[in-house]
Amino acid sequence: MASESSPLLAYRLLGEEGAAFPASGAGGPGGASARKLSTFLGVVVPTVLSMFSIVVFLRIGFVVGHAGLLQALAMLLVAYFILALTVLSVCAIATNGAVQGGGAYFMISRTLGPEVGGSIGLMFYLANVCGCAVSLLGLVEAVLDVFGADATGPSGLRVLPQGYGWSLLYGSLLLGLVGGVCTLGAGLYARASFLTFLLVSGSLASVLVSFVAVGPRDIPLPPRPGPNGSSLPPRFGHFTGFNSSTLKDNLGAGYAEDYTTGAMMTFASVFAVLFNGCTGIMAGANMSGELKDPSRAIPLGTIVAVAYTFFIYILLFFLSSFTCDRTLLQEDYGFFRAISLWPPLVLVGIYATSLSASMSSLIGASRILHALARDDLFGVILAPAKVVSRGGNPWGAVLYSWGLVQLVLLAGKLNTLAAVVTVFYLVAYAAVDLSCLSLEWASAPNFRPTFSLFSWHTCLLGVASCLLMMFLISPGAAGGSLLLMGLLSALLTARGGPSSWGYVSQALLFHQVRKYLLRLDVRKDHVKFWRPQLLLLVGNPRGALPLLRLANQLKKGGLYVLGHVTLGDLDSLPSDPVQPQYGAWLSLVDRAQVKAFVDLTLSPSVRQGAQHLLRISGLGLGCCYPGLRL
């Protein structure tokens, strides 16, 4: 298997020289030469844009209008609390060792093993693919709302034909643009993201200034069909400016029918929409293969991005509650345009965030797929994703992902898939928390992250919160995702994976067994609870299979040890001949289907060797060795 190095072995235990991975590793397609992105361009910018997405422009009024300011703030605090717990786990794992390409997949697989890591990695990849398609379709709908032939409202230009085929064409053209940027490499993507970041920041700044600079006004609401298809008379929402009465009216919840879907809103449905827009915390971690110093950039950049987006959301919630009546908030989710000093700048922000979110999802998906392909977990199916350019860009994985996104675009509408995408993201977040929790519980000596603001309590709370949120958003999607993860894990277990990554389950077992062995007190032994303890000395394992099984039946829940003496003197040998034999003896135990331990020793005579085994095994109550007289 390719790329079987472990970050926990390559760092700290090996010293400073072991902290650097070879250029041909999975750290990035082109090795160290491809690691060019700084913390700001590689982590802060893509994470901020992914966490904003289109929600910051088109769903602020939806959340505040239905939930009210108090419940909206509670939702935001709960959402960011869950995200913060996962961020703490990401920071701990990222600062524990060298992080290679693949982001969350790399962290999970090198901790929980290839079976669980590969299944979650593939689900995280599919979530990014579907997320890219959702962003593109959202961008198409936003464009058609203004420029479409069926656009409503006085600002509609009505120049673009509409329909399923046209929407697919527009989405495919935009996907071609996004795919072209990602195919040319992470450097161009970072520059394009930085430009998008400037546009979004300028648009948000204009919105924030407009809340203060614009005076009270009546805003026409989108027309709604009346009974029998007739149109209702024009209706207006009110932008009151800063008004304490408006704030008082917007404090409590006022759940009503969503004018875009006709569904009655509840706390869970509104929270799902809000949380769906905040699930981009892994955008920077997905770029781990292109970062100059991922162990520093991922935690620092992610924390900065989360804090910045949280502050902006809080500010927009307060400003909207102070200045807009509930009718405007509930009936016109795009009211930012109506109150802006320059409405076209808001449109630029909407288009820029959608385009950036699609680019972030596509390039993140390609990096995860490339890491999966390099690890060869799914065989020839992902072989094309291994192809890289001379500069180290995995254009094969980009094209592979581009094709899958194009297939998803054929669905035309992905409103029902949005919940599934969010659930897949939450599965990945829960797995990151579980990875950090396992390492912390195992007390592994090589788990010594420089980031210390976490504990097993935060990890456990993060796992529980993600699972709870999955079933709150969509019980069906949550159950289906866990079932899919189980099936993929079973497939990878049957296929076999690289064993040199290490399994944290073995460390957990060792930790627990050691703890309970220390509690075992021989002074409290009693004849009522006596169990047989057998040491079977085996000379020729080929002819001893029946004897092995007979002794296994005699032990009756007791302790059973297979012993073997190799004749020789260690002082006269170049190396210990016993150690290489352990694997073969363990295979014999598996083949014989007996529950036994194995002890091997090197001695000048069989008699001395048998005495050694009796002592080092801590046994002696029962001993079987045909033809040997002690």
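In this predicted model, a convenient place to begin is C91, a residue that is buried, its relative accessible area being 0%. C278 likewise counts as buried because its relative accessibility is 0%. On the question of cysteine pairing, a search of the whole structure finds zero disulfides. C91 illustrates this: the nearest cysteine sulfur belongs to C436 and lies 9.7 Å away, and C91 is in no disulfide. For the reader wondering how that follows, a disulfide calls for two cysteine sulfur atoms within 2.5 Å.

Attention turns next to the aromatic side chains. Across the whole structure, the search finds 18 aromatic pairs. One of these joins F62 and Y333, whose ring centres are 5.2 Å apart and whose planes meet at 85 degrees, so the pair is edge-to-face. Planes over 60 degrees apart are what earn that description. The pair ties together parts that are 271 residues apart in sequence, because F62 lies in helix 3 (residues 60-94) whereas Y333 sits in the loop between helix 11 (326-331) and helix 12 (335-339). Both partners, F62 and Y333, are buried.

A further pair is made by F447 and F454, with ring centres 6.1 Å apart and planes at 70 degrees, so this pair, too, is edge-to-face. F447 has a relative accessibility of 9% and therefore counts as buried. F454, at 15%, also counts as buried, since the cut-off for that label is under 20% relative accessible area.

Aromatic residues also gather in a group: F52, Y80, Y308, F310 and Y313 form one aromatic cluster. Returning to F62, its ring has a charged companion as well as an aromatic one. R59 lies over the face of F62, at 5.9 Å from the ring centre. F62 thus appears in two settings here, in the edge-to-face pair with Y333 and beneath R59.

The last site to visit is N552, which is found in helix 19, a helix covering residues 545-555. With a relative accessibility of 16%, N552 counts as buried, because the label applies under 20%. What does N552 touch, leaving aside residues up to four places away in sequence? The answer is Y560, Q593, V594 and K595. For K595, there is a polar detail to add: the backbone nitrogen of K595 lies 3.2 Å from a polar atom of the N552 side chain.

Note on methods
Residues numbered from 1 in each chain as written. Predicted model: local features only at pLDDT ≥ 70, side-chain atom pairs only at ≥ 80, totals over all residues. Heavy atoms only, no water. Helix = DSSP H or I, 4+ residues; strand = E, 2+ residues; numbered from the N terminus. Buried < 20%, exposed > 50% of the residue type's maximum accessible area, 1.4 Å probe, protein only. Polar contact = N/O pair within 3.5 Å; in protein donor to acceptor, adjacent residues only side chain to side chain. Contact = heavy atoms within 4.5 Å. Phe/Tyr/Trp six-rings, centres within 6.5 Å; stacked < 30°, edge-to-face > 60°. Lys NZ or Arg CZ within 6 Å of the ring centre and 35° of its normal.
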